[in-house]
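This report concerns one protein chain with its ligand. Please consult the sequence and the coordinates alongside the text.

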Amino acid sequence: MNPLASSVLSSVRAPDPASPAQLPAAPARSAATPAALVGDTPVLWVGEPFTPAGRGFWAKLEGHNPGGIKDRTALYMVAAARERGALPPGARIVESTSGTLGLGLALAGITFGHPVSVVTDPGMEAQVAGLLRAYGAEIHTVTTPHPDGGWQRARREKVAELLAAHPDAWCPDQYHNPDGVAAYRPLAHELAAQLGRIDTLVVSVGTGGHSAGIGRVLRVFFPALRVVGVDTCASTIFGQPAGPRLMRGLGSSIHPRNVAYDLFDEVHWVAAPESVWAARALARTHYATGGWSVGAVALVARWLARTSPAEDRIAAVFPDGPHRYVSTVFDDDYCRAHRLLGHEPPEAPDEIARPDQAVVTRWTRCRTVTTPRAAATGAGRPDLAGAAR
Ligand SMILES: Cc1ncc(COP(=O)(O)O)c(C=O)c1O
């Protein structure tokens, strides 16, 4: 039998012991609470045929958490707020989220005994809304975008309204809460232990939490680390003008305070059809895949694997798995309706010298990362009118 077949079979066919006493004493993944299942996610080698022969990257599969990457942040932010007394026992948690943090907060609510209200917009996938309700969360859907700040601003205004209605309630404020960055230290430690050495980190940016949290720790371990940020076209984070965005999770129409601009060596903006192409190609070739952010990160990591020195070790963070995207990224009717199919991305991105040089509408790279003026002055950072507790 060839070595691949034999290693696959030995992992799926464990011989039956004669009695339970002969079973290993403590299987590594047993847990007394669902929260204990968060973290220690695997890394997967993504190589041929997604990448050229001999090249590839390591994907950190955060979809192996019970909800997704934000389980880490949700548990951390809630635990820290309880410790500080900002979140009294049994008080309500209210937050604006496109889904992943909502799943994490539902887990934190069950773990610590808090009701959870999630504010979202009509773009939330039915599967995620259904799951959130099943996990006991209450969902509030805003119906019209804010004229300047889009859906995100409309959601944040609804959060402020709910906080005013529930005097005890607390909002994690994921865009600006430093605990949302600190929560990712263990993820950085896991990556360093799993890979030994990391030359390039590829991370998507939404609130900026995981890129800042992981990047800061890994830069200390590996001072020459190259940090590559991945955003979506029409997102304001790295200085492009706001526009309608189909992709969820990564990207923003405000300027989250958690984005660590000083950390990034370069940024790539990716368009929805390019992300769909990569997410689908990954699914066909590697089974492990995800949605908008995973597709975008994988597209950029694939290019880095092809163009970096062969010995470079590239780590790419996949924030969640594919399941919530069956009615979008993996649905032919949805993709046809949004003209997302049949656009194989170019082999390399376009390049601009400064983020404000041109409005980008397809995969584009910029090696100058600066803090956009609106982010530096706070103009693009609407807080919750003093209501964030
Ligand atoms: C699926 C997905 N990908 C990427 C991100 C971006 O991560 P961060 O908010 O840590 O920048 C998010 C954030 O919600 C997400 O839900």
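The sections below treat the domains, the ligand shell, the nonpolar core and one helix.

**Domains**

The model is predicted. The protein is divided into domain 1 (43-67 + 179-369) and domain 2 (70-165). Their C-alpha centres lie 24 Å apart, and the contact between them takes 23 residues from domain 1 and 22 residues from domain 2. On the side of domain 1 that touches domain 2, helix α6 (residues 179-182) gives the most, with three residues.

**Ligand shell**

Around the ligand there are 16 residues, of which T100, G206, T207, G249 and S293 are the closest. Two elements, α3 (100-112) and α8 (209-221), give two or more residues to this shell. The most comes from α8, which contributes three residues. Both domains take part: the shell draws at least three residues from each of domain 1 and domain 2.

The class composition of the shell and of the side of domain 1 facing domain 2 is tabulated here.

| Set of residues | Nonpolar | Polar | Charged |
|---|---|---|---|
| Shell around the ligand | four residues | 10 residues | two residues |
| Side of domain 1 that touches domain 2 | nine residues | 10 residues | four residues |

**Nonpolar core**

In soluble globular proteins, nonpolar side chains tend to be buried together. In this model the largest nonpolar core has 94 residues, and V202, V230, V297, V300, A301 and A316 have the most contacts inside it. Helix α10 (residues 292-307) supplies the largest share of this core, 11 residues. Like the ligand shell, the core draws at least three residues from each of domain 1 and domain 2.

Which residues does V300 contact, leaving aside its neighbours within four places in sequence? The partners of V300 are V202, V228, V230, H268 and V270.

**Helix α7**

Helix α7 spans residues 185-195, and its residues L187, A188 and L191 are buried. Seen down the axis of α7, the buried residues fall within an arc of 100°, so they line one face of the helix. The underlying geometry is general: an α-helix has 3.6 residues a turn, so residues three or four places apart point the same way. The cover over the buried residues of α7 includes β2 (57-61), α2 (70-84), α8 and β9 (314-318). Helix α8 thus appears both in this cover and in the shell around the ligand. After α7 comes G196, whose phi is positive, near 80°.

Terms used. Residues numbered from 1 in each chain as written. Predicted model: local features only at pLDDT ≥ 70, side-chain atom pairs only at ≥ 80, totals over all residues. Near = placed C-beta within 6 Å. Helix = DSSP H or I, 4+ residues; strand = E, 2+ residues; numbered from the N terminus. Nonpolar A, V, L, I, M, F, W, Y, C, P; charged D, E, K, R; others polar. Domains from an automatic or database assignment. Buried ≥ 20, exposed ≤ 12 C-beta atoms within 10 Å, placed from the backbone. Arc of directions from axis to C-beta. Contact = placed C-beta atoms within 7 Å. Core = buried A, V, L, I, M, F, W, Y, C linked by C-beta atoms within 7 Å.
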